[in-house]
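This note reviews a structural model for a colleague at the bench. Please read the points below with the sequence and the coordinates at hand.

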Amino acid sequence: MNAPATEYSPIAKILHWWIAGMIVLQFVLAKLGERAADAGSDMNQLALLANHKSVGISIFLIAIARLVWRWQHP
């Protein structure tokens with residue numbers, strides 16, 4: 001017999017893609033920060049670095065939420 005196909009819940013999919021999108025945003029912010037540093041714009045670089053850190057913390061918290069969801073909904 002074939003085992004039934006399993007699929008992730010809609011919440012798990014949303015959390016997954018939300019994290020994936022935010023990781024792409026992290027790369028964009030990092031590249032913009034490098035360009036600001038090359039241009040000598042310290043204030044822009046600091047603002048981008050602050051946003052980069054905020055997005056990183058958000059990714060971490062959403063990843064924890066995703067793990068909790070996964071443990072509660074195997």
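The numbered points go from the overall form of the chain to its helices, its core and its surface.

1. Status and composition. The model is predicted, and every value below should be read accordingly. The chain is built from 2 helices and 0 strands. Helix H1 covers residues 10-39, and helix H2 covers residues 42-72.

2. Overall form. The radius of gyration of the chain is 18 Å, whereas a compact globule of 74 residues would have one near 11 Å. Along its principal axes, the C-alpha trace spans about 65 × 20 × 15 Å. Buried residues account for 16% of the 74 residues. The accessible surface amounts to about 6,100 Å², and carbon and sulfur atoms contribute 68% of that area.

3. Helix lengths. What span should each helix have, at 1.5 Å a residue? For the 30 residues of H1 the expected value is 44 Å, and the end C-alpha atoms of H1 lie 43 Å apart, which agrees. For the 31 residues of H2 the expected value is 45 Å, and the end C-alpha atoms of H2 are 45 Å apart, which also agrees.

4. The end of H1. Gly-40 follows H1 and has a positive phi, near 80 degrees.

5. Buried residues of H1. Which residues of H1 are buried? They are Ala-12, Leu-15, Ile-19, Met-22, Gln-26, Leu-29, Gly-33 and Ala-36. These buried residues pack against H2. As background to the spacing in such a list, an α-helix has 3.6 residues a turn, so residues three or four places apart point the same way.

6. Buried residues of H2. In H2, the buried residues are Leu-48, Val-55, Ile-59 and Ile-62. Their cover includes H1. With regard to sequence separation, 68% of the contacts between residues at least 6 apart join residues at least 24 apart.

7. Gln-26. This residue of helix H1 deserves a separate look. Is Gln-26 buried or exposed? Its relative accessibility is 13%, and because the cut-off for burial is under 20%, Gln-26 counts as buried. Leaving aside residues up to four places away in sequence, Gln-26 touches His-52, Val-55, Gly-56 and Ile-59. Of these partners, Val-55 and Ile-59 are among the buried residues of H2.

8. Gly-21. Gly-21 also lies in helix H1. Gly-21 is partly exposed, with a relative accessible area of 40%. Gly-21 and Val-55 are 34 residues apart in sequence, and their C-alpha atoms are 11 Å apart in space.

9. Trp-17. Trp-17 is placed in helix H1. With a relative accessibility of 60%, Trp-17 counts as exposed, since the cut-off for exposure is over 50%. The C-alpha atom of Trp-17 is separated by 23 Å from that of Leu-48, which is 31 residues away along the chain. Leu-48 itself is buried in H2.

10. Salt bridges. How many salt bridges does the structure hold? There are 2. One joins the side chains of Glu-7 and Lys-13, at 2.8 Å from N to O. Glu-7 is exposed, at 67% relative accessible area, while Lys-13 is partly exposed, at 37%. Another joins the side chains of Lys-31 and Glu-34, at 3.7 Å from N to O. Lys-31 and Glu-34 are 3 residues apart in helix H1, so about one helical turn separates them. Glu-34 is partly exposed, with a relative accessible area of 45%.

11. Nonpolar surface patch. Which residues make the nonpolar surface patch? Ile-57, Phe-60, Leu-61, Ile-64, Leu-67, Val-68 and Trp-71 form it, and its area is about 750 Å². Leu-67, one of these residues, is located in helix H2. Its relative accessible area is 45%, so Leu-67 is partly exposed.

12. Points to keep in view. The two helices cover each other's buried residues: those of H1 pack against H2, and the cover of those of H2 includes H1. On the surface, the patch that includes Phe-60 and Trp-71 is nonpolar, whereas Lys-31 and Glu-34 meet in a salt bridge.

Methods
Residues numbered from 1 in each chain as written. Predicted model: local features only at pLDDT ≥ 70, side-chain atom pairs only at ≥ 80, totals over all residues. Heavy atoms only, no water. Patch = residues over 30% accessible without salt bridge, like charges linked within 9 Å, V, L, I, M, F, W, Y side chains within 5 Å. Areas by Shrake-Rupley, 256 points an atom, 1.4 Å probe, with all protein chains shown as cover. Salt bridge = Lys/Arg side-chain N within 4 Å of Asp/Glu carboxyl O. Helix = DSSP H or I, 4+ residues; strand = E, 2+ residues; numbered from the N terminus. Buried < 20%, exposed > 50% of the residue type's maximum accessible area, 1.4 Å probe, protein only. Rg over C-alpha atoms; globule rule 2.2 N^0.38 Å. Contact = heavy atoms within 4.5 Å. Expected span 1.5 Å × (residues − 1).
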